[in-house]
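Dear colleague,

Please find below the structure that I agreed to hand over. I should be grateful if you would read the notes after it with the coordinates open.

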Amino acid sequence: MDMPSTSPGVGSFLEVLGGATAERSAQMLEDLLQLGIAIGSDGELPSVLDRIVTQARRFTGAEAATLFIREGATLRFAVIQNDVTARRMGQHEGRLEVERLPLDVPSLAGYVANSGEILNVPEAYDIPREMPYAFNWRVDLATGYRTHSVLAVPLRDASRRIQGVLQLINATDPGGNVVPFHPRLEDVARAFAAYAAIAVRSARLEELSFKDPLTEGYNRRYLMLRLYEEVSRASRYSQPLSLILLDLDGFKAINDRWGHDAGDDVLKQVVQLLASQSRRDSVVARYGGDEFIALLPSTTKAAALVYGERMRAIIEGYPFQHGPLTASFGVAGFPDDPGSVADLIKSADHALYEAKRQGRNLVGGAVK
């Protein structure tokens with residue numbers, strides 16, 4: 001099978017696997033090709049990363065693994081897999097919500113992220129104190145798991161920037177015994193980490209194309225893509241869906257009196273307020289000028305009206321630097337209102353117009 005010349009590490013895999021069978025080598029090449037296809041498709045980042053970690057564990061014999069994504073001065077736990085604790089505590093244990101790992105606190109993953117070096121530790125609890133990294137045994141204490149061997153490699157993209165860390169835990173031999181990671185497996189792990197880096201970088205570039213550069217909320221392009229997707233899903237599975245269109249009252253006066261920089265600050269703060277009060281699956285987007293839309297999947301119109309009233313009160317009481325501000329809201333919801341994308345926006349716009357007409361600082365769109 002021909003592989004793209006840009007595939008990370010592909011040319012040396014037969015040497016890397018050493019005594020591995022030709023069948024196993026060919027399977028690894030096939031899996032890496034499929035990962036490249038998955039990264040280039042419309043697949044969501046979490047599922048792609050989960051697949052990469054699963055395959056990395058498969059070819060290195062790792063009992064568990066964690067994939068970290070670098071975000072500023074921290075590492076975020078993006079994927080956590082552990083067969084032992086999953087069997088003991090249930091499959092959802094592998095999705096534990098854990099705090100981010102600060103890069104200025106000594107750790108194995110932090111050292112790899114900062115230095116760009118690979119770490120192959122035979123026994124985590126035997127690391128000498130004078131080393132520039134340390135093992136965080138508190139995770140073992142919390143889960144009842146015992147970490148021994150660790151292989152941590154940087155997620156380095158084509159520009160040599162480190163996007164995160166792939167940390168493989170507890171290599172096992174054919175008998176199921178925990179052993180150190182063989183040095184030959186370092187290149188195998190590095191190859192999977194390279195694919196993870198490509199996936200993370202691609203997702204970040206895509207995210208930038210979907211963000212409003214001023215407010216850092218989503219832009220109209222992303223909103224419309226999600227809106228068509230959510231309307232189709234709501235219609236197919238008879239699920240509720242709500243849309244809230246809001247417009248800032250008297251925003252032009254802020255720009256006229258204090259300047260556009262003051263107006264820009266207000267827009268940023270409004271997006272932050274909306275996002276802080278929204279669920280993770282909600283979409284807060286700048287629709288244009290001082291208009292915003294909150295897309296609320298699996299939310300009834302009645303619940304959206306409650307959300308709108310809460311946001312109206314929060315904006316009214318927020319201490320904006322240049323004085324108080326209010327907003328008017330228009331709410332539409334499926335199946336209460338017509339279910340096409342154009343009809344939902346039209347219904348929300350009409351409800352917003354009524355809220356403005358009745359005196360502003362109101363939520364329009366009462367359930368019929």
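The notes below concern salt bridges first and then a strand pairing.

Please bear in mind throughout that this is a predicted model.

Salt bridges

The count of salt bridges comes to 16. One of them is formed by the side chains of K356 and D249, with an N to O distance of 2.7 Å. K356 belongs to helix α12 (residues 341-357) and D249 to strand β8 (residues 241-249), so this contact ties together parts that are 107 residues apart in sequence. As for its surroundings, D249 has a relative accessibility of 8% and therefore counts as buried, the cut-off being under 20%.

A second group of contacts is found in helix α11 (residues 301-317). Here R312 forms a salt bridge with E309, and the closest N and O atoms are 2.8 Å apart. These two residues are separated by 3 positions, about one turn of the helix. R312 also meets E316 through a side-chain salt bridge, at 3.0 Å from N to O. E316 and R312 are 4 residues apart in helix α11, again about one turn.

Which of these side chains are buried, and which are partly exposed? R312 is buried, its relative accessible area being 13%. E309, by contrast, is partly exposed at 36%, and E316 is likewise partly exposed, at 38%. Both of these values fall between the limits of 20% and 50%, which is why the two glutamates are classed as partly exposed.

Salt bridges with shared partners also occur elsewhere: R226, E229, E230 and R233 are joined by them into one network.

The β9-β10 hairpin

The other feature to report is a pair of strands. Strand β9 (residues 283-288) is mostly covered, with 5 of its 6 residues buried. How does β9 run relative to strand β10 (residues 291-297), parallel or antiparallel? The two strands run antiparallel, and 5 bridges join them. Within this pairing, V284 has A294 in β10 as its bridge partner.

β9 and β10 together form a hairpin, with 2 residues between the strands. In the turn, G289 has a positive phi of about 60°.

When you inspect β9, the following may be of use as background. In a regular strand, side chains alternate between the two faces of the sheet.

In short, the points I would ask you to view are the K356 to D249 contact, the two salt bridges of R312, and the hairpin of β9 and β10.

Yours sincerely

Terms used:
Residues are numbered from 1 along each chain as its sequence is written. This is a predicted model: local features need pLDDT of at least 70, side-chain atom pairs count only at pLDDT 80 or more; totals for chains, interfaces and linings use all residues. Side-chain values use heavy atoms; hydrogens and water are left out. A salt bridge is a side-chain nitrogen of Lys or Arg within 4 Å of a carboxyl oxygen of Asp or Glu. Buried means under 20% relative accessible area, exposed over 50%, partly exposed in between (1.4 Å probe, protein chains only). Two strands pair if DSSP finds at least two bridges between them.
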